[in-house]
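Open the structure in your viewer and keep the selection tool at hand. We will go stop by stop.

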Amino acid sequence: MALFLWALAGAAAAQATHFDRSMLTIRTVEGKEIALDVEWAITADQRAHGLMFREELGDDQGMIFDFGTTRDVMMWMKNTPLSLDMVFIDESGLVKRIASRTTPFSETIVGSGAPVRYVLEIRGGQATALGIAEGAIVQLPPSGGPSD
């Protein structure tokens, strides 16, 4: 019974946070353009929740975390059952680092390695599959966050 209530609470928490969505385009180093349907984690609550408890993420889906300022960023996989690729992006949209195939449920810190403003999370292995690498350019809305 306790396990059922814990699972129910996790599902309720996963549905409680709302994220705006928009399309995001990435230009690979080779010049290929990739379109992703992303959810925006802009507020502190949204960033804290992220993709926790999600069990599915499509090939062309992701979540982008906007920290509002450029800084060293630390992420983790607590309560996240999916392996993710974390794409660390600077203020200009330049991909600075990719942490590939992170470990589900891990509380190990995954650092940006350099000051960044954004982190894009996509399904584990998708960065390689799509050709996203350091040096790619993410075309971001002028003000950050989803376009109106």
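The tour begins with the sheet, then moves to one strand, a charged network, a single leucine and two loop residues. Keep in mind that this is a predicted model.

**Stop 1: the sheet**

Switch to cartoon view and find the open sheet of seven strands. Read across it in the order 6-5-8-3-2-1-9. The pairing is mixed. Which strands are at the edges? They are strand 6 and strand 9, and each pairs on one side only. Now follow the twist across the sheet: from one strand to the next it averages 30°.

Next, select residues 33–41, which are strand 2, and residues 61–71, which are strand 3. These two run parallel and are joined by five bridges. For a marker on this pairing, pick Val 38. Opposite Val 38, in strand 3, stands Gly 62.

**Stop 2: strand 5 and its neighbours**

Select residues 84–89, which make up strand 5. How many of the six residues of strand 5 are buried? Six of the six are, so the strand is largely enclosed by the rest of the structure. Show the side chains and look at one side: Leu 84, Met 86 and Phe 88 are there. On the other side are Asp 85, Val 87 and Ile 89. Both faces are covered.

Add strand 8, residues 116–123. Strand 5 and strand 8 pair in the antiparallel sense, over six bridges. Zoom in on Phe 88, and you will find Val 119 of strand 8 opposite.

Now bring in strand 6, residues 95–99. Strand 5 and strand 6 also run antiparallel, and four bridges join them. One place to look is Ile 89, whose bridge partner in strand 6 is Val 95. The two strands form a hairpin with five residues between them. Within this hairpin, click on Gly 93: its phi is positive, near 100°.

**Stop 3: a charged network**

Side chains of opposite charge can pair when their charged atoms come close. The structure holds six salt bridges. Start with Asp 66 and Arg 117, whose closest N and O atoms are 2.8 Å apart. Asp 66 lies in strand 3 and Arg 117 in strand 8, so this salt bridge ties together parts that are 51 residues apart in sequence. Are these two residues buried or exposed? Both Asp 66 and Arg 117 are buried. For Arg 117 the relative accessibility is 11%, and the cut-off for buried is under 20%.

Stay on Arg 117 and add Glu 91 to the selection. These two form a salt bridge as well, with the closest N and O atoms 2.9 Å apart. This pair also links distant parts of the chain: Arg 117 is in strand 8, while Glu 91 is in the loop between strand 5 and strand 6, 26 residues apart. Glu 91 counts as partly exposed, at 42% relative accessibility. Select Asp 66, Glu 91 and Arg 117 together: salt bridges with shared partners join them into one network.

For another salt bridge, go to Glu 33 and Arg 27. Here the closest N and O atoms are 3.9 Å apart. Arg 27 has 33% relative accessibility and counts as partly exposed.

**Stop 4: Leu 140**

Select Leu 140, in the segment after strand 9, which spans 137–139. Which residues does Leu 140 touch, leaving aside those up to four places away in sequence? They are Leu 24, Trp 40, Ile 64, Glu 91, Gly 93 and Tyr 118. Two of these names come from earlier stops: Glu 91 belongs to the salt-bridge network, and Gly 93 to the hairpin. Draw a distance line between the C-alpha atoms of Leu 140 and Gly 93. The separation is 6.5 Å, although the two are 47 residues apart along the chain.

**Stop 5: two loop residues**

Most residues other than glycine have a negative phi. Asn 79 has a positive one, near 60°. Find Asn 79 in the loop between strand 4 (74–75) and strand 5. At 23% relative accessibility, Asn 79 counts as partly exposed.

Finish at Arg 101, in the loop between strand 6 and strand 7 (110–111). What is the sign of phi here? Phi of Arg 101 is positive, near 45°. Show the surface to see Arg 101 as an exposed residue, with a relative accessible area of 57%.

Terms used
Residues are numbered from 1 along each chain as its sequence is written. This is a predicted model: local features need pLDDT of at least 70, side-chain atom pairs count only at pLDDT 80 or more; totals for chains, interfaces and linings use all residues. Side-chain values use heavy atoms; hydrogens and water are left out. Contact means heavy atoms within 4.5 Å. Buried means under 20% relative accessible area, exposed over 50%, partly exposed in between (1.4 Å probe, protein chains only). Two strands pair if DSSP finds at least two bridges between them. Axes are lines fitted to C-alpha atoms, for helices over the stretch in contact, and angles run from 0 to 180 degrees between N-to-C directions. A salt bridge is a side-chain nitrogen of Lys or Arg within 4 Å of a carboxyl oxygen of Asp or Glu.
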